[in-house]
Amino acid sequence: MTRGRSLAAALVLVLFVGDVARASASGDALVLPPAPGARTYVPAGGDSPDGDPLGGLLPAAPDSRAARAASAGAGAGAGDGAASYAALTSTLLGDGEGLEGDLPTAIAFTPDGATIVIAHEESMNLVLFDALTTTVTGVIALSGHPSDMALSSDGVHAVTANHADDTVSIVDLAAGVETGVVPVGSQPGIVRITPNGATAVVGNPGENSLSVIDIGSATELHRVFGMGFSSIVRLTGESGVTTAEFVDLVCPGDVTAVHSNAGADELDVVDLVTGAVTAVPCADFPFGMAVTQGGATVVVAHRLAARTLSILDVATRSITSTVTTSVDLDGRIAVNPGGTKAIASVLNGVIVIDLGTGLHGPVLSTASVDEILTTSDGLYGLCVGYRGSLVSFAGALVKDLNNQVACYQGAVSPVAARGAMVSSHNGEDLLVMTTNGAAGALVGKVPSGPPPEGDRARRVAVTPDGALAVMTDILSDTATIVNAQSGALVGIVPVGDRPSGVAITPDGSRAVVANLDSTFVSVIDLVTLGVTNVTTSTRNSEVAISPDGHYAYVSVVVADGIWRIDLDTLTLDGPKLPVGEMGSVFFGFQQNSGLALGHDGNVLAACNSFDDTVTLIDTASWTVFATVPVGDAPVRAVFTSDDVRLLVSNRDGGTISVITLAGAGSSVTSTLTAGTWPFEMAISADDGTVWVADFLDDDVRRIAITSGATAIVPLPDAPQGLALRDDGTRLDVATGNWSVTIGPGSKVVVNQSGDVTSIDTASATVVESVATGQPPAALARVPGGDAVLVPAPRADGCLRVDPDAGLFADLGGSLAGTTGLPPQLVGAGTLQPFAPTTLALHGFHPNRPVYVLIGLSVLGLPFKGGVLVPSPDIVVGPIPSGPLGAFSLTFPWLGPAPPGTQIVFQDWIADPSGPAGFVATNGLVATQP
C-alpha cells in the first residue's frame, strides 16, 4: 500500500469510525503527550518565548457551499481565508517588508548639508540619510502621498504636497513627526517655501489654484485661482510607475511668489499677504524658472520654438530684458549667483548663456536633463538625468557623475561640494556625488529607503513542489521569496540592477535571475538564500534551465546572444552564441523577446523580434544550427510536447508560425491566423490545439494547429498571461491594462483594471472570473493545485488567484532552530472526495526525519520549545526530508464528509538546532467545503 493510500485510509478511519490510529516511529522518535479533548486555539496576543508569533484559528466554515457563496465575497486582498466557491478568489502576496522607500518623488539637503531628505509617494514617508555615509538616520510617516517637498531655510520644517489626498503635511524634522495636515485645493503637486521659512506656497493643478499656508499655525491663508499649470507625466511601461511633475513656482522673497502660467503665456506674480495677482505677459510657453541671488530677478526659460529667456524684475513686476537662442529650449534652467550666466536645457543637451550679451556657446551633450542645480560654490550646474553631467558656468562640460540610472529629481548641498539624485522609474536609488569640478565623482548608490525592499514585482517563478515563489523586484533590485501558498515572507535578497527573467531548477534548490542593467546573472540558493553572481554581459533578460538542472541559458539584448551557465560550478560554459536582434517589446508592461527550451532540453529557441527570425541552438554542441524567417515581430515561442514543432507568435503580423524542426532544414511549414497582437501561448497535451492571448482584441483564441479552426473567447480586457491546468480542462488568463488620463486642465488620473478568467477548454466558454483591479504583468501556475500567481507591479506583489482559497488556512506556531528560518507547510487541492491533495514541506533542514501530525482539532499546547498545533490523532513518519530539506506528500482526500469538517496538520523535524532537538512547521487546517 502506498503512503498516500495509507494516509487516506487512516483519515477515513478517524473520521467515520472514531478510532485513534498511531503510526509506529523509528529513528529519531517524536514522543508526544497524551491527546486531550478538542480545544480552541487562542493566539498568544503578543510575544512568545521563542519569538515566533502564534497564529489564530479561522472561524469554522458555514454548513454548506451555498452558505459560503452567500456569506463571503471574492476579490482582491481577501487575505483572511474567506472565499466564494462560485468564483476564483485572489490574495495579494506582497513583495515588501516593513519600512520602505517606495516611489521617491522629491529630494533635498537640510540647510547644514548634513542630511538628505527623500519624500516617497507610495510608502507615504520621508526617509532621512546621513549625507556623508548614505546611511538611513530616520523615517517619518506621513498621512498623505507626497508628490513634492520643500524644506524651510532654518531646517526646522519639511512641507509636502500630497497629490492624491488634497492635503499638505507639515513635518517637524527634529522631532521626526508630522505636526500638521492642511486641506488645500485639488491635486496639490508643487510646493515652495519663502526664504524666511514662514510661508509655504502650494500649487493645486487639479483646480489651477495656489494655496498660501502659514507653516507655524498650519492654516491656509489664501487660495488664489486662475493659475494654469503645465504638467509632465512620466509613464514607465516596464515597472508601471507613473509620476507627474508640475512647473513652475518660485518664491524670490518672503511675500512674493512667481508662477509660470504657460497656458496664458504670462508670469503670475502673487502677493502672499493679500493674495493679489499681477499678470505679466511674456513669450510663448514659459516653463522653468531660476531666482538670482537675493531674489531681485527671476530668469524664465520658454520651451520649444519660442527660443527665449525672459528676465523678470520682481520689484517692478516687469520683464526688463529677453535673450533669444539659436536652438529650441527644453525648459530647465539654472543661474549663477551673480545672475550673469545661465545654463539652459535643450534636446539631449544644455547651452551656457551670457545673460548680458545674449550669446551662448555650443550644445553640450548631457543627454536628457530634468533639473539643473547651481552648486554651493556657484561655479557649476549639476544636470539631473541619466548622465548627471557637471557643467561649468564658464561653458564647459566638466564631467559625468551618474551613468547609473535615470533620475528625475536632484538636490545640491547649500554648504558643500555635494549633490544627490534619486531615481523612481527604473530603480529606487539614492545617488550621492561630489561636485568639486574635475575631481567630482559618484561616491554612493544605495536604496532610497531602508533595506530590505521589494518593489514592483515583474516576474515570478514557483518551485516544482509549489512551496516557494520567487519574484523579481525590478525597482528595488531584489528578489523576494515568499511561501507560495500563504504568502508568508521567506526573505528578500539583493540581486543585480533591474532584475527581470527568473527560472527555478527542477529540484527547487536554486533560482536564476537575469539582471537587465548588470553584467551578471544572480543565482539564489533557496535553502540558504545566499546569492552568487556569474559574470555575463549587460542586458540579461530571459532565463531557461535544462531539465537536468545542469545549465541555465540566459539571453542578453545588447550585443544580442545567449550565455550558457554551468550551475554546478557557477561559471560560464562556452562562448556567448550570437543571435538576431532581440529587445523589449511593448504589451501592458514592457516585455523581453522570448526564449524557449524544448522539453528534452536539446533545442533552444530565441525570438529575434526586430529581425523577424528565430534562432535555433543545439544545446549539446552549443552551436546555432538554423535561423528561420518567421512573421513580423516574433515575441514568444513554445514547443509541442514531442519537440517536433515550434510555434512562434508574431505580434505585428497577427500570426503564429509553425516551424517543423529538422536540423539545418528547419522551416515554417504552416502559418495560423491569430488576431491582432498575439502574445503568450499554451499548447494542449495532445498537441492538437494552441491557445493564444490576443492582446489588442481583448480575447483568447483556441486554434487547431493542423486545420487552423478557431474559437474566440472574449475577455474583460487585454490578456497578459495564460496557463493550462494540469488536466487540460481549464485555461486561466490574466487580463488588464493601465493608462493615465490628463485633464481637464492639468488633473492627472491613473486608470487601471485587472481580472483573472478561467475558461473551459472543451466548450471555449468562461466559467469563472475574479476582478482583481490590478493590471497583470504575467501569469505562472503553482504546481500541485489550480492556483496561479499574477505579478502585479502597481500593487507591489503577486496576486495568488485560487478557486481553493480558504480551504487551507495557516495557523502559525512554527518553530525555528538556531540555523535559520522556520520550515513551512502548505497545502493544495480542491478537498473534493478522493481528489488529489498535497502537503508540501519546505524545510531548510536537509536529510532529517520528519513526522507528519494529523488531528481532528487544534491543541495549541507548548511542546519542545514550540507549539503543538494539532491534536496528534495520527502520526506518519519518520519520512526523510531529503537533501533539500523538502518533500511533497500527495494523497487522495477523504470520501464524502460533512461540510465544515476540519483536519489539522503540522510537521515536526528532528534537528539538533531546535531548542529540544526538534523544529516545527506552522499548523495548517483544511476545511471541507
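How many of the six residues of strand E63 (residues 719-724) are buried? Keep in mind, as you begin, that this is a predicted model. Select residues 719-724 and you have strand E63, where six of the six residues are buried, so the strand is largely enclosed by the rest of the structure.

Next, add residues 730-742, which make up strand E64; E63 and E64 pair in the antiparallel sense over five bridges. To see one such contact, pick Ala 723, whose bridge partner in E64 is Asp 732. The two strands form a hairpin with five residues between them, and in the turn you can select Gly 728, which has a positive phi of about 75 degrees.

From the hairpin, move to an open sheet of four strands, which has the order E51-E52-E53-E54 and antiparallel pairing. Its edge strands are E51 (595-597) and E54 (623-629), each of which pairs on one side only, and the twist averages 20 degrees from one strand to the next. Select residues 613-618 to show strand E53, which runs antiparallel to E54 and is joined to it by six bridges; here Asp 618 has Thr 623 of E54 as its bridge partner.

Now turn to the aromatic side chains, for which the count comes to ten pairs. Select Tyr 553 and Trp 622, whose ring centres lie 5.7 Å apart with their planes at 25 degrees, so the pair is stacked. This pair links distant parts of the chain, since Tyr 553 belongs to strand E45 (residues 551-556) and Trp 622 to the loop between E53 and E54, 69 residues apart. Tyr 553 and Trp 622 are both buried.

Then select Phe 587 and Trp 677, an edge-to-face pair at 5.6 Å centre to centre, with 70 degrees between the planes. Phe 587 sits in the loop between strands E49 (584-586) and E50 (590-592), while Trp 677 sits in the loop between strands E58 (667-673) and E59 (678-683), 90 residues apart. Both Phe 587 and Trp 677 are buried, and adding Phe 679 and Phe 695 to the selection completes a cluster linked by ring pairs.

The last stop is empty space: the count comes to two cavities of 30 Å³ or more, and about 50 Å³ of space lies in the largest cavity. Which residues line the largest cavity? Select Gln 404, Val 405, Asn 426, Gly 427, Asp 429, Lys 445, Asp 477, Asp 497, Arg 498 and Asp 517 to show its lining, which by class has one nonpolar, three polar and six charged residues.

Terms used
Residues are numbered from 1 along each chain as its sequence is written. This is a predicted model: local features need pLDDT of at least 70, side-chain atom pairs count only at pLDDT 80 or more; totals for chains, interfaces and linings use all residues. Side-chain values use heavy atoms; hydrogens and water are left out. On a 1 Å grid over the protein atoms alone, a cavity is a set of points where a 1.4 Å probe fits but cannot get out, and a pocket is an open set with protein on both sides within 12 Å along at least five of seven lines; lining residues have an atom within 4 Å of a point. Grid points are joined across faces, edges and corners, and a volume is the space filled by probe spheres set on the points. Ala, Val, Leu, Ile, Met, Phe, Trp, Tyr, Cys and Pro count as nonpolar, Asp, Glu, Lys and Arg as charged, and the others, Gly among them, as polar. Buried means under 20% relative accessible area, exposed over 50%, partly exposed in between (1.4 Å probe, protein chains only). Two strands pair if DSSP finds at least two bridges between them. Axes are lines fitted to C-alpha atoms, for helices over the stretch in contact, and angles run from 0 to 180 degrees between N-to-C directions. Rings of Phe, Tyr and Trp (its six-membered ring) pair if their centres lie within 6.5 Å; planes under 30 degrees apart count as stacked, over 60 as edge-to-face and the rest as tilted.
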